[in-house]
Amino acid sequence: MWDTLVHYTEAYVTTVQAMAEPFTPPPVLYVQRILSKYADTIGVPTDQLSFLLAAAGTLFVVGPITRFLPGPPLVRSLWGALTGLFFCLLVIGSNWAHVAISAFVSYAMMWLLPISIMPYAVFLFELFYTSLGHIHRMAVSSAPLIMDITDGSSSAAATVPTAFDFSAPQMILIIRMTSLAWSIYDGHRVRVFNAALAEWKVRFARDASTPEALAARAKIDRMEPSPSQVVRALPSPPNVLHFLGFILHPASSFCGPAFDYHEYIQSISFAKVRPDGSPAPTVNYLRALRQMAVALFFGGLFFIGDKYAPVADLYRPELAQQGILYRIGLLYSSLLVQRSKYYFAWLLAEACCLVSGFGYYAKGTEERWDGVENANVGEFELGTSIRGLSVGWNKFTSKWLRTSVYDRVPPAWGLAATYIVSASWHGFYAGYYLFFFSAGFMQVINREFRRKIRPRIITPGSTPTTQLLYDIFTWAASLLAVSYLAASFVGLTLEAGLTVWSHFGYMGHYLSLVIWVVLKLIPPPPRTAAAPGGPKKPVAAAAAAADLTTPSMAKAATIKAD
């Protein structure tokens with residue numbers, strides 16, 4: 001079954017690539033030849049050098065020009081689409097055809113399908129195409145899915161190909177296409193709600209307090225979109241130039257941040273305003289330089305650290321013979337090195353977005369530029385809970401899972417649907433599923449610990465020293481737990497994940513089970529014993545609240561064309 005699926009996937013993927021190959025423009029081929037020559041000289045893969053060139057070109061050329069181009073927003077969308085297409089051809093070669101197929105099939109659905117089924121159809125198609133990318137990447141991996149880990153001379157971890165293919169851009173594209181589809185659907189919902197509300201006001205103009213009127217109003221209120229959905233709602237799909245600029249702009253098309261169409265069109269239209277109503281600034285060079293400097297630091301950390309703390313050593317059988325402190329040190333340091341490459345890519349992409357004019361927003365009277373922040377190093381590395389760590393990691397994917405999955409299905413199915421889509425979005429390696437299932441269990445324990453234990457330690461009379469010691473303990477425990485779990489994610493295969501966990505005697509799982517049993521026996525503390533500032537709203541709800549307008553704005557909102 002799996003072999004048949006891989007066979008047909010590879011046949012389709014390679015056929016599309018072969019058909020697209022002759023259409024690569026000569027200027028792109030010329031630049032590729034030059035980069036190939038320099039890549040051989042400095043010992044860097046050509047595709048990675050192409051990616052760095054695309055980032056540098058966006059930082060120093062595409063981004064600044066975007067902001068200063070005269071004329072209507074369509075001019076800036078055209079500029080972003082053309083430069084994005086050039087860099088797309090340069091970095092992923094003939095894989096551009098898969099990006100085009102995925103994007104334009106979904107775009108056609110937005111115009112042609114009935115609005116009631118359109119967002120679901122787009123979501124399923126994009127998830128299907130993302131799955132094709134993952135299967136293709138697994139098929140061309142340099143290691144099989146089932147590894148023989150008895151050979152002490154080799155690593156049990158699978159090694160994925162280093163070359164850029166279409167799976168990474170497709171993972172960004174599914175977020176953008178589905179978010180756009182829901183925005184169009186929400187535009188329809190707003191129109192239906194406004195029409196129903198207007199009809200209700202006319203019908204019950206004389207007496208709106210009768211049981212019939214109240215029942216009718218309650219039914220209408222259940223139809224009301226959330227304030228966030230109203231703000232991002234669209235009356236129709238965008239025109240083709242804005243659409244191409246949105247999906248191809250080189251600042252975010254390769255590794256994110258996958259911001260939504262509302263952020264894109266507001267930024268290129270210079271439509272954002274400050275709290276006092278004046279036009280918002282279009283760039284923040286200081287933050288862009290800071291993010292670029294931090295990105296370069298983590299890029300250097302990955303380049304150097306991978307030589308001294310290679311993650312492959314975690315999966316070698318001889319590691320089990322080392323002392324526990326050595327094993328813990330290697331676990332933390334090697335996975336910090338692995339995180340560094342993500343920090344490098346995400347922070348560099350954020351800098352590209354900032355110089356291109358994206359990222360500004362006003363929160364009350366406060367002006368902020370973290371609207372395109374996909375990773376917050378401090379939040380993750382210094383978080384004092386597993387949930388707290390996750391808040392700072394891959395933010396736009398978390399937001400997408402909340403707004404495009406969790407909020408769109410019946411409440412009883414929300415959590416299950418979110419986990420299934422999240423796992424499918426990442427891929428089909430068994431190591432991902434080891435990570436997600438184990439992390440879910442540990443999050444339950446983390447929540448119970450904060451509910452039952454924290455209020456007994458951190459009380460209104462607690463000293464700063466007690467708070468500091470508690471924070472240090474929970475920080476170390478959370479970071480070690482995440483590192484232990486993430487080893488299976490990085491290893492990819494079932495054998496790799498189980499191998500690295502066996503090096504630690506499955507300590508993380510056994511301890512979790514014991515703690516879970518103990519917490520079940522401990523009653524919750526009295527409400528009066530709750531510590532200052534806790535318990536708090538769930539992170540997902542708090543994050544959703546961060547970008548909502550007031551309810552009065554939701555009811556008064558009207559949808560305008562671009």
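Four helices, α13 (324-355), α18 (430-452), α20 (464-491) and α22 (507-521), each put at least two residues into the lining of the second largest pocket. Keep in mind that this is a predicted model.

**The pocket**

The biggest share of that lining comes from α20, which gives eight residues. The second largest pocket has a volume of about 720 Å³. It is lined by 25 residues, and those closest to its centre are Ala477, Ser478, Ala481, Leu511 and Ile515. As for chemistry, the lining of the second largest pocket is made up of 17 nonpolar residues, seven polar ones and one charged. Domain 2 (272-373) and domain 3 (376-523) both take part, each supplying at least three residues to the lining of the second largest pocket.

**The cysteines**

Now for the sulfurs. A disulfide is a covalent bond between the sulfur atoms of two cysteines. With the cut-off set at 2.5 Å between cysteine sulfur atoms, the count here is zero disulfides. Cys352 is in no disulfide, as the nearest cysteine sulfur, in Cys353, is 6.9 Å away. Cys255 has no partner either, because its sulfur is 8.3 Å from the closest cysteine sulfur, that of Cys352, and that is too far for a bond.

How exposed or buried are these two? Cys255 is buried, at 18% relative accessible area, and Cys352 is buried too, with a relative accessibility of 3%.

Here are the two sulfur distances side by side:

| Cysteine | Nearest cysteine sulfur | Distance |
|---|---|---|
| Cys255 | Cys352 | 8.3 Å |
| Cys352 | Cys353 | 6.9 Å |

Conventions
Residues are numbered from 1 along each chain as its sequence is written. This is a predicted model: local features need pLDDT of at least 70, side-chain atom pairs count only at pLDDT 80 or more; totals for chains, interfaces and linings use all residues. Side-chain values use heavy atoms; hydrogens and water are left out. Buried means under 20% relative accessible area, exposed over 50%, partly exposed in between (1.4 Å probe, protein chains only). On a 1 Å grid over the protein atoms alone, a cavity is a set of points where a 1.4 Å probe fits but cannot get out, and a pocket is an open set with protein on both sides within 12 Å along at least five of seven lines; lining residues have an atom within 4 Å of a point. Grid points are joined across faces, edges and corners, and a volume is the space filled by probe spheres set on the points. Ala, Val, Leu, Ile, Met, Phe, Trp, Tyr, Cys and Pro count as nonpolar, Asp, Glu, Lys and Arg as charged, and the others, Gly among them, as polar. Domain bounds come from an automatic or database domain assignment.
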